[in-house]
Amino acid sequence: SSPPPLVAPPTRPPAVTRLSPGEAVCSPGGAVVTVAVENLKQVTRASDIRVSFSTLLLPTDLASDPSFLLSSSMELTTLRFTLPDSPGMDAEAVPLRIWSIENATRVAETTFLCEDTRLATLQYAVPARLMGGTSSSPVTIAIANAGITDGDTPELAASPAGVAVSLVRQTLGEDVAELEVLLSVPRVVVGAVTLSVSPAGCVARDACPNKWVDVVIESMDPDAVRVSTFAPMQESTYGGTELRVRLANMPSADAAAGAILQLGTRNTTLTRATASAGSTDASFLLPPSSAPATLPPLLFLRNASAPLVFPAVFEYRSALAPSVAQLSPSAAPISSSARIRLKIENLPGTDDPALLAVEFEWTSGLRRAGTVEAVSRSNPALHAAKVQALKVDVLSPSGEGTPAGTVTVRAFHRAFPAAAATLVSGFSFVDESLPQISQVKGSGGAGEREGLAPMSMPSDLVLSVRSTPRGASSDALSVFLGGARLTVALVSIDASERTARVTAATRPSTTAGLKSGLVAFGAPPDGCDDACCVSGACGSACAGVYVACFGVRYYDDLLPQLKVKSGGSGPDVGGGQIVVWISNFPTLVSAGDAAVIVRSNAQETQAQMQVVSSSLAGTEAVIVPPVFDLGGDAERVVTITISPHVRQDKAVSFSYRYIHVSPRLASLSLSGGRNDKSHLVAARVEYLLPGAALLVLFAGRALPGDQVSVQMSATSISALVTFTLPASPTLIGETPVIIQRVSCADPCADAVVFAFSLLDARQPELVAPIPQRGPSQLDTLPTVSCAEFPAVSSDALTASLSSSSGTVYSLEILSLAWSTEAGSTAYISLSQPAALSEGAYIVAINADDGSGVPKAVAFPFEVYNGNAARVVSASPAAVPTTVVVDGAKLALESEVSALVANFPQGLASTQVVARIGGQEAEVLEVLDVASCLPAALDCNRTRVLIRLPPLASPGSLTVSLEPLGG
C-alpha cells in the first residue's frame, strides 16, 4: 500500500470544533466527554497532551481514566475523557483548555456547562386539565430534586381562593418525588389554577427559592361544549386522512351539523358525527398543506359566539420522499403487455387504482403510461389515504410506439403528481426476438445489467445471454467494452434453450465509473461498438448483426472500498444496525482502533461500532447509529465516516438516511380483562427515545412510577414497558392507555395510545366454542355457551339477530340448560329465521335477573348458502413467480391444494377445469374426502390438487374451479 501523504504543520490557532455533550452534571462526576480540536498539530503520545477543567489538570492515560482515548493527525485531534467530581459548579460555564506540551502557547479553549442539580424542576403534571365543580380530582405531579424527605409532608398551596388541595400519597425515588393530590375547584373557577409545592417547613418562597415549584392546571366549565380530545395530533402535508374530534357536553350529533374546522388558512367541513354518553365524535378530512406547519385548530359551530379552542396544536410534518422499494419483473416485452408489480413506499394511500399513475420514460424523452389494474395497502386498518406502502399491479404499454430500451419508472398519486416515486434504469423493455443480457458477472460483483471490475488489473468478465440468434456461432462472437475489443476466452451456447455464456477478460482502466459494453453475434460492421449502447443507435450502427448491451462499473481496488450490506436507513431515535464490509482497510483488533463519526452540516456525533472480523481480506463491522436531531425534517441523509487511528488517510465514508419516526405499539401481552381485577400488561413499544423517562396513563390518571418498568432491547429499537392496571369497577369498555415521555406535554403528540377493554364483571361472558357462521337453510343457530350467566329461567331471556342494513329479527329461546360444574355455564339454543339472506349479522342475548343491571352478550355471526360450492381452505396462500438465477430463467410451477364444500362428487381430474388469472392450470387430483346423503346439508367435502402455470410477475390473482361443462 502507498504511504500516507505528507501534511504541513498547521499555522492557524487551535480551535475546538466539537464538544459532546456540551453540558452534564458535574457533581458527582463521571460524564464521558468527547472533544475534537483542529490545528493542534499531531500528538503522538498521550503523555504529551494536557487537558484542564476549571483549575483541575485531568489525567491522560488509561490507567487513571479507562475511558481515555486519543486520536491525532495534523488536521484533527480527538480526545475522550471522564469529568472528575467538581462540586460547587452547578449552573456554571466551566473553562475547558487543551494543549500539547510541545507548545504550551497554542491552546484550544471552550466552556462546559455544569447542570444545576439543586434546582427543583417539574417533570410532569397530569392531567393538565380538570373539571370545575367536582368534589375532588386526582392530579399526579413528579418533581426532580424536590428536597422532600421521607416521613415529611410537603407544603401544598392552591390559588385562586376557594381551591382546596390535599395529599393522597407520595413516592420518593432516587431523583424524583411523585405526589398524588386531590384538587377541589369550585364551579365558578374557570381558567388557570396554580398549585405550589415545596418541602416541609418551606412556607415562604424566599426561604427556599430553588425548591419552590408552581404547577398550573386548567379548570374547565363542566357544562360548556368543548373539545376534550382529538386525534391524530400530527399528519403529513398530504392530508386527506380523518381528524376525529370529541366534543364534550354535546349529547346530540345534530348539534355538530355544519361544523367547520379551521387549520391556518384552510377550512374543512364535517364528514360525519356520532353521539355517545353525552359527547359527540365529529370527523373531518384534513386538507393538504403546502408546507410543514404547527397550527392551532379552531372549530366553528352553528350559533356559537366563539370558536372552540383545541387543547393542543396540530402539526403538519414533512412527508417522506416516495420510493420504489421493489419491482418485478425487471423487464417486459415490447410485443405484448406484461403484469408488473411495484412496491411503493411513502405514497399517500388509496384503494382506487384510478387515483394512481405509473409512467415509463425512455432516454429519448418518450413517455408511455401503464395501466394500473389493482392496488393493495400494507395496512388496511389505517385510513385509506394514510401514507403507507402500496403494492401496485400495472400492465406495461406495448405494441407500436413502445421501443426497446432501459426506462425510468415513475409512480405517483394523481392528487400529488410532484411527489413521484422514481426508479432510474431499473426496468427495461426488450424485444424478445433479439439477444438479451441476463447477468453481468465481474470479479468485484455481479448484477442483472452491470458487473463490477477492478481498475488496476485485468479480470474475468462472465456474460449470460438469453434469446441468442438461431445458428449463432462462438467463432463469430465479439465483445466490446469502453471502446475496446476484449479477448474472448470461452463461449458456451445452448441452441435448444437459446442461451449463451461468454467469458472475456477486462482491461485495466485509468478511471472509475460505468463503461458500456456490447456483445455482437457475427462480424460487426465498421462503427458497430459499445458507443451505440449509449446513443441508442445500435439498430443502425450494427445493421444485420444481432447485438446486446451491458455495463461494467470500474472501482479503484487500491483504495478502501466500503459496501453497506444491510441497514442503509434507520430511525432518528437511533438504534438498529448497519452492517458494512470494507476491503483494503487496516486490520482492526477492536472497535477502539477506529472512530465512527456521523456528520450533517454543522451537526456531528459519534456512533458505536462492533468489529465482527478483520483481516487482510477485509473488515466486517456493525455500526449502531446514534440518536440524531433532524430539526423538524422528515428525513435527512448524513455522512458516516470510519477513520482508523493508525491510518487516518484510509478513512472511508458512506451515506445513511435518518427517518423521523414516532413511537408505536408493536405488541401487547393483554388487550382486555375484567374490571374487578388488576392486570399486568407488557407492551413492546418501538422507536422510543433511549433513556427517556416514561409515563403511563390509564383512563387519564398516571400510574405510580414504581409500577412501571422499562427494558430496552439490545439495539434500542424497541422497549418492553411493563405496568399494572388497577382494578376499576366503575370503568367499562374501551379504556385509553397512554405511554409517553415524561417531558412530553399533555396531550402528547408522540404518545403511544391504545385501548384496554374492561369487561363488566357483572356481565356474562361467552366461552368457546363461540358460534361464528352457519348455513341459511338451518332453523336453529349453533348453541351459545355463557359463563357467569344469571340464574334465570328462559322466560327472562330475549334474543335478536340484526343485519348490517338495520333489519332486526326476534329469536325464539328454544332451550336453556346449565352445566353441573362449579362456576355454572349456561347453554342457550336459539331459533334461526327462515330464508335469511347471506351476509353478516349480530346476535344479542339479554337476561333480566331483577337486579336493575341489564345482563347481555353479543357476537358477530355470518350466514352463508349451505348448498353452494365454496372454498373452505387453500394452501399455500402465496406461490413464487418466475425467477432468474445466475442468468438462467426458472419457470416455477407450484402446486395448490383446495378443500371445497358442496362440490360435485365422483369427478375425475379430467372433469374439472382450473384457471388462474385467465390462464389454465393443470388439475392433478380430485379426491372426495367426505360424502353424505343427497339430503344432507353442507356436508360433502372435496380436495382438489392443481399445478399452476409459471407466473411472470407477482400479483393477486383469482383461482377458479368448476366441473367440466359447468
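This passage describes strand β59 and the sheet to which it belongs, as seen in a predicted model.

Strand β59 comprises residues 694-698 and is mostly covered, with 5 of its 5 residues buried. In a regular strand, side chains alternate between the two faces of the sheet. In β59, L694, V696 and F698 point one way, whereas L695 and L697 point the other way. The residues of both groups are buried.

Strands of a sheet pair through backbone hydrogen bonds, in either a parallel or an antiparallel arrangement. Strand β59 has pairing partners in β63 and β60. It is joined by 5 bridges to β63, which spans residues 733-741, and these two strands run antiparallel. Within this pair, L694 is found opposite R741 of β63. Strand β60, formed by residues 701-702, is likewise antiparallel to β59 and is connected to it by 2 bridges. Here, F698 has R701 of β60 as its bridge partner. Strands β59 and β60 together form a hairpin in which 2 residues lie between the strands. One residue of the turn, A699, has a positive phi of about 55°.

These pairings are part of an open sheet of 5 strands with mixed pairing, arranged in the order β57-β64-β63-β59-β60. The edges of this sheet are β57 (672-674) and β60, each of which pairs on one side only. Strand β63 is also joined to β64 (residues 752-759) by 7 bridges, and β63 and β64 run antiparallel. In this pair, P736 has A755 of β64 as its bridge partner.

Methods: Residues numbered from 1 in each chain as written. Predicted model: local features only at pLDDT ≥ 70, side-chain atom pairs only at ≥ 80, totals over all residues. Heavy atoms only, no water. Buried < 20%, exposed > 50% of the residue type's maximum accessible area, 1.4 Å probe, protein only. Helix = DSSP H or I, 4+ residues; strand = E, 2+ residues; numbered from the N terminus. Pairing = 2+ DSSP bridges.
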